[in-house]
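Work through the exercises below with the structure open beside the text. Each task is followed by its solution.

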Amino acid sequence: MEQARSTISKIFNGEPHTYTRFSLTQNMEGDNSNVEMKLSSDMDEEVGENGVGEHHHHNSNGKPYVVQKLGHTPKNLCYFASGTLLIFIIGILIGYMSHGEKNVAPVCASSISLNENDVPHETGAAPLMDWDDVKSLLAQKFTAAKIEQAFSDFSQASHRAGSPEDEKLGNKVLQRFKEYGMNTWTDEHFIKVQDPPTSGYNKIVFRNMSEERPKGFLSYSGNGSVTGAVLYAHYGQEVDFRVLRDKNIDMNGRVMLVRAGKISFAEKVANAAKMNASAVLIYPDKNDYEISENTELYGHVHMGSGDPYTPGFPSFNHTQFPPVVSSGLPRILAQTITMGTGTRILKQLRGQNKPENWEGYNRLGDESDTITVEVNNVLAEKKIHNVFGVIKGFVDSDRYVVIGAQRDAWGPGFASSTVGTSVLVELARSISDMVKNDGFKPRRSIVFASWSAGEYGSVGATEWLEGYLSSLHMKAFSYINLDGIVTGRNGFKVAGSPLMHSLIENTLKEVKNKEMLLFNQFAKSNWESNILEPMQLDSAAYPFLAFSGIPSISFRFTTDNSDYKYFGTLEDTLENLNTATSSQVPQLAETAGRFAGHIVLRLVHDHLLQMDVMKYYKIIRSDVFKINGKVKEVLQMQPQLLPKDLTVQWLISASGSYSRAARSLQVDIQNSDLEDIEMCRLINDRIMAVEKNFLSPYVSPRESPFRHILVGSGPHTLKALIKHLDALKIDNPEADAELFHNQFALATWTVQGCANSLAGDIWSLDNNI
């Protein structure tokens with residue numbers, strides 16, 4: 001028998017080996033084309049000077065073989081009979097060996113296997129449930145009636161971060177997660193925040209008017225007292241300050257009066273600080289806010305997220321860090337005032353006329369319009385709790401999507417926190433029930449998170465990211481944000497990582513609102529221009545994306561695509577939200593919850609993550625095109641500022657490398673067995689690494705926490721390079737050619753590094769730099 005096995009082995013091992021040879025020629029655009037493939041064998045030889053590529057077989061006499069017609073001679077019949085007998089014997093031996101030694105089935109993603117008695121049983125390796133059945137189950141369990149009951153359970157008149165009411169709500173969420181059979185835990189942080197003065201007050205005095213003491217405040221403002229001339233600066237955007245500068249208005253030491261809206265409070269204050277303003281007053285204008293004249297505004301002005309007194313570090317009680325503060329903390333004073341106060345000041349301003357395209361009153365203000373601003377906020381330490389529950393996956397349980405909502409609010413916070421918390425808990429209940437009672441088996445895990453201190457700048461979420469950043473990088477593959485998901489009814493907006501745009505589009509085509517698909521209702525002619533919007537700095541999804549490199553989504557129902565008028569006030573109530581939605585809050589929350597639920601379930605149901613790596617190539621290509629054109633302009637207009645040999649070819653080449661790596665991944669997916677667990681995991685890991693690898697490794701988390709070069713903020717981003725070139729073109733004194741050159745080189749290598757990682761194995765790299 002051993003001799004027979006040896007003979008068979010020689011038969012199979014004796015087959016000639018083939019090989020494939022590729023020749024890749026790079027074209028001018030950085031793409032590889034002209035792929036030449038040749039199959040050969042060890043037995044073939046390429047011979048002959050005049051017959052290159054021809055293959056000749058010779059016998060021992062050196063003469064070519066000639067194919068002859070076989071005749072039915074006794075000798076040939078004998079050979080035929082012997083061959084038939086040999087094949088029969090080989091078949092018997094193969095059957096004997098296969099019977100004597102039972103083959104072990106390879107480990108794969110098949111969800112059905114046969115046991116020793118040939119009875120089908122579940123392996124738990126993949127979901128047995130069809131996607132249409134998954135959607136149907138979620139629709140049955142996640143209903144408006146259930147959400148409306150949750151509204152009652154999680155509504156509080158007051159639940160500021162770190163308060164007893166906030167802790168009570170957190171315990172209630174934790175108890176619900178336990179009731180649903182989820183694994184639960186909590187995260188405790190000790191954070192520093194600014195609160196309004198407990199014994200004194202903040203105040204403003206305009207000219208000789210009576211002193212006003214606003215109750216609203218802006219956390220993390222500078223403290224002290226300043227006196228300066230008022231200057232109206234519209235919404236306080238960069239473009240607004242450029243308009244004032246073009247009017248040759250001296251902004252040094254001025255107190256800027258700006259309207260709330262368009263951008264965050266923190267961005268308004270940061271823009272004013274760049275103009276050397278001494279203070280900023282923010283008021284809600286009657287054209288933007290349908291609130292009373294005496295409604296107070298609350299917020300924060302930290303140009304970042306998390307605890308600004310432990311930048312880049314988690315605020316755990318046992319950690320000891322040097323006394324540093326975030327670079328995003330403003331040095332100037334900032335204070336909110338009511339609509340009534342803002343209007344009274346505007347009516348009395350003198351000076352130049354406002355620009356024609358600016359809303360408001362006639363004058364901008366001059367040096368005689370003096371005002372005194374005094375801010376006496378106090379620094380307080382608070383203990384906060386983040387609450388978590390997890391539904392574990394059946395294949396890759398160590399890979400998870402996170403879905404979260406902030407729990408705290410300045411006042412009732414119905415739209416800002418109650419709706420999101422209720423939807424979070426109801427999704428946890430519905431999906432847990434699908435797993436326990438309906439046979440749904442997610443491949444990956446789902447983490448449900450209830451954050452605290454969201455009103456102070458996504459503090460709870462950011463501290464969790466900072467505490468577990470190294471673990472989350474290659475395990476958390478997406479974050480879905482539920483904050484402020486219902487603020488209106490006739491508009492729908494989504495902000496998300498470009499990797500998730502295709503998944504967003506597909507989900508819009510699946511989820512209905514009032515019997516009409518969201519896509520058909522809101523996309524109109526172009527869904528990307530009508531539904532997609534940039535992710536805002538004050539969104540809890542932003543630090544996940546730009547700080548941690550985790551693909552994220554934030555979305556909302558809106559009215560006329562405008563901001564909700566009651567955010568940051570004590571009037572964010574169910575009654576006011578009903579007014580904004582025609583009393584359709586539970587129904588809209590159901591639709592929003594199913595939109596989030598479909599995305600979550602799709603990410604844990606499919607073999608491969610639905611993330612399109614080519615989307616980022618389009619963004620890179622667009623930015624590279626702009627940079628290339630502006631570098632040429634600078635070299636023409638200000639040739640002394642940049643080295644003559646400066647070229648964008650390196651960046652173009654890095655962009656080409658990313659494109660080729662992305663296309664290579666698509667080919668690998670098409671040629672892979674997606675029923676193979678390990679193969680799926682390897683491909684998904686390559687996809688997950690893309691977002692993380694766009695985080696610049698060359699900048700400090702303290703100086704530039706949002707390190708993403710494409711969607712982050714700071715001088716390291718491609719958008720900042722474009723702005724820097726604009727400044728160099730006009731020889732702006734703030735422009736720094738050496739800094740640009742350095743950031744340009746680092747951004748180039750960040751793109752190339754991402755391409756290298758996406759390519760996969762080290763021997764698959766395409767490095768043309």
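**Exercise 1.** In this predicted model, find how strand 6 and strand 13 (residues 370–375) are joined, and in which sense they run.

Solution. Step 1: strand 6 and strand 13 are antiparallel, with four bridges between them. Step 2: to check one position, take Lys203, whose bridge partner in strand 13 is Glu374.

**Exercise 2.** Place these two strands in their sheet, and state which strands form the edges.

Solution. Step 1: the sheet is open, has six strands in the order 6-13-8-9-10-12, and its pairing is mixed. Step 2: strand 6 (203–206) and strand 12 each pair on one side only, and they are the edge strands. Step 3: from one strand to the next, the twist averages 30 degrees.

**Exercise 3.** Identify what helix 7 (residues 265–274) and helix 8 (residues 339–347) touch or lie across.

Solution. Step 1: helix 7 packs on the sheet and touches strand 9 (255–259), strand 10 and strand 12. Its direction makes about 145 degrees with that of strand 10. Step 2: helix 8 lies across strand 6, strand 8 (224–232), strand 9, strand 10 and strand 13. Relative to strand 9, helix 8 runs at about 120 degrees.

**Exercise 4.** Describe the pairing of strand 10 with strand 12, and decide whether the faces of strand 12 are covered or open.

Solution. Step 1: four bridges pair strand 10 with strand 12 in the parallel sense. Step 2: one of the positions to look up is Ile282, which has Thr336 as its bridge partner in strand 12. Step 3: both faces of strand 12 (residues 333–336) are covered. Leu333 and Gln335 are buried on one side, and Ala334 and Thr336 are buried on the other.

**Exercise 5.** Glu296 is buried; find its nearest side chain of opposite charge and a polar partner.

Solution. Step 1: Glu296 sits in the loop between strand 10 (279–283) and strand 11 (299–300). Step 2: the nearest oppositely charged side chain is that of Lys215, 6.4 Å away, and Glu296 has no salt bridge. A salt bridge would need a distance within 4 Å. Step 3: a polar atom of the Glu296 side chain lies 3.0 Å from the backbone nitrogen of Gly216.

**Exercise 6.** Is Glu510 buried, partly exposed or exposed, and which side chain does it meet in a polar contact of 3.0 Å?

Solution. Step 1: Glu510 lies in the loop between helix 12 (501–508) and strand 19 (512–513). Step 2: Glu510 counts as partly exposed because its relative accessibility is 22%. Step 3: the side chain in polar contact with that of Glu510 is Trp131.

How values were computed: Residues numbered from 1 in each chain as written. Predicted model: local features only at pLDDT ≥ 70, side-chain atom pairs only at ≥ 80, totals over all residues. Heavy atoms only, no water. Buried < 20%, exposed > 50% of the residue type's maximum accessible area, 1.4 Å probe, protein only. Lys, Arg positive; Asp, Glu negative; His and termini not counted. Polar contact = N/O pair within 3.5 Å; in protein donor to acceptor, adjacent residues only side chain to side chain. Pairing = 2+ DSSP bridges. Axes fitted to C-alpha atoms, helices over the stretch in contact; angles between N-to-C directions. Contact = heavy atoms within 4.5 Å.
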